[in-house]
Amino acid sequence: MKKILVNGAGGFIGGHLVKRLKDEGHWVRGVDIKEHEFATPTTDEFILGNLCDPEVTKQAVAGIDDVYQLAADMGGAGYIFTGEHDADVMHNSATINLNTLHFGVAAGVKRFFYSSSACIYPEYNQLDPDNPKCSEESAYPAAPDSEYGWEKLFSERLYGAFMRNHKVPVRVARFHNIFGPQGTWQGGREKSPAALCRKIAETPEGGEIEIWGDGKQTRSFLYIDECVEGVRRLMDSDFTGPVNVGSEEMVTINRLAEIIMEVAGKKVSLKHIPGPLGVRGRNSDNHLIREKLNWSPSKPLIDGVAATYSWISQQVEAARKTAASA
Ligand code: NAD
């Protein structure tokens, strides 16, 4: 049993990771600026605090063996690609990483996991929606299409520098569009699978939903359970990374909407409108994870969509009842 800190335990992936670590029998401390909106906390200790504050970070890392650093100022395209939150995203997330490493090493943390992102990959390799290149070594020459991606790349390097100079093991994963139940599904920070599930759940048969862009942009989506599995395998392995943790089942956003409709058992039409988009095409390249961890995600997208749609449609129904009784 280890003493583990999960930064961002009140968030989507952090909440699922805490559950997994508790199921494995570890002692887990969580820290976040907010409590989890959807899950009952399973942490042994939860610090409600801001990791930009050195005192909070010192308290968080005290007595800890392993740190999983998932806290970030982030959201979907509507949050990170509009440009309106760039200063906050860069300042807050970089400060969290600087504090976590500085105070974590001083406190004797034995290993760090860092959650980077596919958003670090250069835009010039992701212009063709049918053939994006996202192999790990293609990150350089660097040209992410968002400040969120630049901060992630800076922080990957920061973890690498601490590993070299302070001899502390680090593990870095580049997540590709993680989705599933108990994630943000409304409010502006939600990502496309959750946003589309919500829109389809809220819209009657034969209605219309809006999609940003022409819907021909491509992505892959990884179900949360496989993300957590990948994180745990990487953390227990000898491989430092960075390594992609994503699905190779690439679909257009229009196709994703169709899959959700199939799962929902209803048909709505798609109205394409201008909106923040990100790169034209993106897919996980899983050669390296297969080689290094002898494992890669395999769950079909539709299975994850079924579980996610079921959860989001329940949230939509509950919100509708609350609104009706108000
Ligand atoms: P999330 O927003 O649900 O979780 C992040 C958590 O960090 C939130 O609960 C937030 O309150 C917390 N946080 C933010 N600022 C903080 C601060 N100053 N102090 C303490 N806590 C703070 O996001 P998620 O989807 O669970 O993502 C987890 C990590 O994985 C993030 O670093 C994110 O950048 C990375 N990532 C996620 C995806 C994805 O598709 N979800 C893809 C690539 C990378």
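This report covers the ligand site, the second largest pocket and one buried threonine. The model is predicted.

**Ligand site**

The ligand is surrounded by 26 residues. I13, D32, N50, Y148 and I178 are the closest of these. By class, the shell holds 13 nonpolar residues, nine polar ones and four charged ones.

Three polar contacts to the ligand are listed here.

| Residue | Atom on the protein side | Ligand atom | Distance |
|---|---|---|---|
| D32 | polar side-chain atom | oxygen | 2.6 Å |
| L51 | backbone N or O atom | nitrogen | 2.9 Å |
| S115 | side-chain N or O atom | oxygen | 3.2 Å |

On its own, the ligand has 820 Å² of accessible area, and the protein covers 93% of that. Three elements each give two or more residues to the shell: α1 (12-23), β5 (111-117) and α5 (147-166). Which element supplies the largest share of the shell? Strand β5 does, with three residues.

D32 thus appears twice in this account. D32 is among the closest residues to the ligand, and a polar atom of the D32 side chain lies 2.6 Å from a ligand oxygen. L51 makes its approach through the backbone, with an N or O atom 2.9 Å from a ligand nitrogen. S115 uses its side chain, at 3.2 Å from a ligand oxygen.

**Second largest pocket**

The second largest pocket contains about 210 Å³ of space. Its lining is made of Y140, E156, R157, G160, M163, R164, V170, V172, R174, T240, G241 and P242. These lining residues split into five nonpolar, three polar and four charged.

Which elements each bring at least two residues to this lining? They are α5 and β6 (170-175). Helix α5 gives the most, with five residues. The α5 helix also gives two or more residues to the ligand shell. So α5 has a part in both places: it contributes to the shell around the ligand and to the lining of the second largest pocket.

**T308 in helix α10**

T308 sits in helix α10, which spans residues 301-325. Is T308 buried or exposed? T308 is buried, because its relative accessible area is 1%, and buried means under 20%. A polar atom of the T308 side chain lies 2.7 Å from the backbone oxygen of G304.

Key: Residues numbered from 1 in each chain as written. Predicted model: local features only at pLDDT ≥ 70, side-chain atom pairs only at ≥ 80, totals over all residues. Heavy atoms only, no water. Near = heavy atom within 4 Å. Polar contact = N/O pair within 3.5 Å; in protein donor to acceptor, adjacent residues only side chain to side chain. Areas by Shrake-Rupley, 256 points an atom, 1.4 Å probe, with all protein chains shown as cover. Helix = DSSP H or I, 4+ residues; strand = E, 2+ residues; numbered from the N terminus. Nonpolar A, V, L, I, M, F, W, Y, C, P; charged D, E, K, R; others polar. 1 Å grid on protein atoms, 1.4 Å probe; cavity = no way out; pocket = protein on both sides within 12 Å on 5 of 7 lines; lining within 4 Å. Points joined across faces, edges and corners; volume = space filled by probe spheres on them. Buried < 20%, exposed > 50% of the residue type's maximum accessible area, 1.4 Å probe, protein only.
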